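Okay, thanks for coming, everyone. Let me put the structure up, and then I'll walk you through a few spots.

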Amino acid sequence: MALDARAFTAFESSAHDRIAGSYSEHFAPLTSFAVMPLVEAARITPGRRVLDVATGPGVAAAAAKERGAVTTGVDVSAGMVALAQKTHPDIEFHVADVLALPFADGAFDAVLCNFALGHFPEPEAALAECVRVLAAGGMLAFSWWDHPDRQRVQGLFRETIAELELPPHPAVPEGHDTLRFSDPKAFAQLLRAAGLMEVAVTACRAFYMVPDADALWNIGMGGMAVTASAIAAQNTATQARARHVLARRAEAYRAAAGLQIPISYYIGAGRRS
Ligand SMILES: C[S@@+](CC[C@H](N)C(=O)[O-])C[C@H]1O[C@@H](n2cnc3c(N)ncnc32)[C@H](O)[C@@H]1O
């Protein structure tokens, strides 16, 4: 079935409205891993005009601001924008869809986007819109997750869902492949096709120390709007089974101080000519 872009974005918006608080508490510490590499790739220096697209609770926007940039953040979820604005009152945030950014052509020297690419129903159109608001010579830097075989937080949840044969949440529109840009060649091609020069896609690997399986459960259920919705839609008994399966699978990463979960993502960057 063809993807219904509007339905997908409506799902994204309401799902992130609902989880904004838990996302900020449990999942943003994970997405924060990519913030410094992203800010470096976008060559952010004091005074640069920076847009953080799909800002969520504003972690990347805050890092850009910290570097002295004149920073703006946008997100399609009003709940996320309210939270970001409350957390970072000195940054300007707006509710906006990446496909219709409310800014003039060339308004920014850098555009950042931390772990939202796979949430966009029309990634090529999203890239075109981000490039439109970028000034000549400006930098665009996006992060996206690696394949779940290497990005093990998502991998463990996906494998739990597969083991229990849970169906996707009925509100998740069919036809969207969140792993499309988990391939560095496809990611680079997306950036080049948007007209960017000097395109580089860099793999970043680390470990995320999680105290126990309960904390891992909270990270996924609190932050992964699409993937975790298959579990969230189940009754209490099935959710308890999912929790048990996740804990068993996570034992593969047992270390002295807890669970040492491999994480892996890409930073894709390019310059507008
Ligand atoms: C995984 S979160 C990433 C949040 C944040 N950038 C971070 O570093 O944690 C994905 C975000 O994309 C936003 N989003 C999804 N579709 C969007 C769209 N079409 N336009 C703008 N934001 C969108 C969601 O509301 C959510 O806040």
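So, how many residues surround the ligand, and which are the closest? There are 21 around the ligand, and the closest are His16, Thr31, Ala54, Gly56 and Asn114. A residue counts as near if its C-beta atom, placed from the backbone, lies within 6 Å of the molecule.

Quick caveat: this is a predicted model, where local features need pLDDT of at least 70, side-chain atom pairs count only at pLDDT 80 or more, and totals for chains, interfaces and linings use all residues. Numbering runs from 1 along each chain as its sequence is written.

Back to the ligand shell. Helix H1 gives the most to this shell, with 5 residues, and both H1 and helix H3 (59-66) supply at least two residues each. Helices here are DSSP runs of H or I, at least four residues, numbered from the N terminus.

H1, residues 5-31, also turns up in the largest nonpolar core, giving the most to that core with 9 residues. The core has 90 residues, and Leu38, Ala42 and Val53 are among those with the most contacts inside it. By core I mean buried Ala, Val, Leu, Ile, Met, Phe, Trp, Tyr and Cys joined through C-beta atoms within 7 Å; buried is 20 or more other C-beta atoms within 10 Å of a residue's own.

And what does leucine 38 touch, leaving aside neighbours within four places in sequence? Its contacts (C-beta atoms, placed from the backbone, within 7 Å) are Ala60, Leu112, Asn114, Ala141, Ser143 and Ile267. You'll remember Asn114 from the ligand's closest residues.

How values were computed:
A residue is buried if 20 or more other C-beta atoms lie within 10 Å of its own, exposed if 12 or fewer, and partly exposed in between; C-beta atoms are placed from the backbone. Two residues are in contact if their C-beta atoms, placed from the backbone, lie within 7 Å.
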